[in-house]
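Biologist: I would like a close look at one part of this chain, the aromatic pairing and whatever charged contacts belong with it. Please take me through it residue by residue, and give the reasoning where there is some.

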Amino acid sequence: MFDINKIMKQAQQAKEQALDSVRETMEKNEERINEIEVPISEQDASISAAEVEKQIALNTQRQVEILGQMFGPDSMAQMALNEELLQRMVNDKVAEAASSTAGDLMEHLFGEDMGVLAAALETLEMEDADDEKEASFDLELEENLYAILEEAMARLESMPEPEAIPYQKDDAKWEYFGILLSGILSTLNSHNLDSMDVEEHIPVMEQKIVSLVRRSWGIDGRSGLLDMIRYLAQEGYILRYQLYSEASSPEELMDETMDEDDRASTCRAWRFAQRYKSQYAPGFMAGWDVGRAAMLTRWGCYLGWITESEAVGILWELSQKVVEELNSWREFSQSYLFGGLMWKLLCSDSSAGSYLGYLADAATDLLTGKAEQDNGQWRDCPWPAKRKIGFTL
């Protein structure tokens with residue numbers, strides 16, 4: 001049940017935050033401009049009034065030049081309109097939402113021009129998620145989540161899939177395969193899967209992707225992006241699952257800096273690893289690590305943090321890693337659910353069951369497709385078969 005008043009409040013807060021950001025930017029730039037002013041020292045006190053006026057005029061002109069360098073004419077004009085536009089968009093959309101029924105409320109809230117209200121809706125979503133996390137996370141819930149995971153993985157195992165085929169080293173299909181490794185997250189975010197760009201290059205979408213990467217991953221630019229991709233490719237949950245599987249008790253994984261919640265989440269993840277270690281080797285986590293690394297690669301390319309040629313090279317390396325560990329898109333999707341549940345257990349997120357459902361539905365669409373939608377991309381791109389090693393006598 002949607003609370004209109006709550007959404008209106010969140011929308012207003014988002015508008016205020018956006019305006020505060022604009023004002024803060026203006027204040028910071030004003031400070032930068034003021035720093036270049038040339039003060040009239042005591043020893044110059046005897047100069048004439050005409051010279052003082054001339055110096056002030058020169059300083060003012062210099063300020064205008066610097067401001068023009070910081071913001072082009074179009075940007076300066078747009079900034080002048082920001083406050084009025086923000087207020088108008090918020091008022092219009094809140095009015096539409098207030099007159100909506102529950103059935104079409106989300107359509108009003110997520111229209112094509114709702115970039116300004118994205119922050120409010122994300123805040124509301126995070127608050128709702130926090131409420132869910134407060135639910136009791138006990139052994140019974142863990143067992144229920146294991147059952148959900150196993151049912152979803154069994155359902156994916158029954159999905160049809162073309163037989164794996166050999167790819168040549170320089171085969172053009174590798175580039176598309178690398179893009180499709182981001183398929184689950186791309187499907188959940190309604191991203192394009194036909195090319196490297198995840199979305200059309202428009203300011204609203206670029207800002208949404210920046211916000212997503214910063215908020216969810218703590219990544220602010222090229223260096224952080226490459227560090228995270230490197231971590232996922234070389235360590236990630238493959239190493240974490242291995243460490244948790246090999247530990248004889250959860251206490252081996254703890255240290256004195258952990259609080260009670262951290263210790264509880266460590267115990268949950270340890271129980272998870274102990275339950276499945278005889279069934280799944282650490283390499284089974286490759287889909288979870290590589291799928292997220294592929295998505296970060298595409299996001300980074302879209303934002304200009306890495307070049308497209310760099311992205312192609314990274315996806316090539318990720319492709320080789322995942323093909324060595326897994327044998328099909330079905331197995332890849334099962335790996336993604338498997339890693340996703342361990343992550344949720346570590347995050348103490350009791351909404352993990354719903355999360356697994358979203359992942360399984362996205363994988364199903366990629367494997368089977370729907371006649372009325374443009375999906376089924378995994379079905380149309382067979383998994384690369386492992387290259388056989390020949391022996392010479």
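Modeller: F338 has a relative accessibility of 0% and therefore counts as buried, and F272, likewise at 0%, is buried too; both values come from a predicted model. A search of the whole structure returns 26 aromatic pairs. In the pair made by F272 and F338, the ring centres are 4.8 Å apart and the planes stand at 45°, so the pair is classed as tilted, given that planes under 30 degrees apart would count as stacked and those over 60 as edge-to-face. Since F272 belongs to helix α12 (residues 260-276) and F338 to helix α15 (residues 329-346), this pair ties together parts that are 66 residues apart in sequence.

Helix α15 takes part in another such contact through F332, which pairs with W378 in an edge-to-face arrangement, 5.7 Å from centre to centre and with 85° between the planes. This pair also links distant parts of the chain, with F332 in helix α15 and W378 in the segment after α16 (352-368), 46 residues apart. F332 is buried, its relative accessible area being 0%, and W378 is buried with a relative accessible area of 0%. Both F332 and W378 belong to one aromatic cluster, whose other members are Y167, W174, F177, W316, W329 and W383.

Charged groups meet aromatic rings as well. The charged end of R268 sits over the ring of F137, at 4.3 Å from the ring centre, while the charged end of K344 sits over the ring of Y355, at 4.6 Å from its centre.

From there one can turn to the salt bridges, of which a search of the whole structure finds 12. R271 forms one of them with E142, the closest N and O atoms being 2.5 Å apart; R271 lies in helix α12 and E142 in helix α6 (residues 139-157), so that this pair links parts of the chain 129 residues apart. The partners are not equally accessible: R271, at 30% relative accessibility, counts as partly exposed, whereas E142 is buried, with a relative accessible area of 3%.

Helix α6 is also reached from another helix, for D361 forms a salt bridge with R155, with 3.9 Å between the closest N and O atoms, a value to be read against the 4 Å cut-off for a salt bridge. Because D361 lies in helix α16 and R155 in helix α6, the pair ties together parts that are 206 residues apart in sequence. D361 counts as partly exposed at 42% relative accessibility, and R155 counts as partly exposed at 28%.

A salt bridge within a single helix offers a contrast. The side chains of D289 and R292 meet at 3.3 Å, N to O, and both residues lie in helix α13, three residues apart, about one turn of the helix. An α-helix has 3.6 residues a turn, so residues three or four places apart point the same way. Both D289 and R292 are buried. Elsewhere, salt bridges that share partners join E143, E150 and R275 into one network.

Helix α13 (286-302) is, finally, what the buried residues of α9 pack against. Those buried residues of α9 are M205, I209, V210, L212 and V213, and, seen down the helix axis, they fall within an arc of 160°, so they line one face of the helix.

How values were computed
Residues are numbered from 1 along each chain as its sequence is written. This is a predicted model: local features need pLDDT of at least 70, side-chain atom pairs count only at pLDDT 80 or more; totals for chains, interfaces and linings use all residues. Side-chain values use heavy atoms; hydrogens and water are left out. Rings of Phe, Tyr and Trp (its six-membered ring) pair if their centres lie within 6.5 Å; planes under 30 degrees apart count as stacked, over 60 as edge-to-face and the rest as tilted. Helices (H or I, at least four residues) and strands (E, at least two) are DSSP runs, numbered from the N terminus. Buried means under 20% relative accessible area, exposed over 50%, partly exposed in between (1.4 Å probe, protein chains only). A charge sits over a ring if NZ of Lys or CZ of Arg is within 6 Å of the ring centre and within 35 degrees of the ring normal. The arc is that of the directions from the helix axis to the C-beta atoms. Contact means heavy atoms within 4.5 Å.
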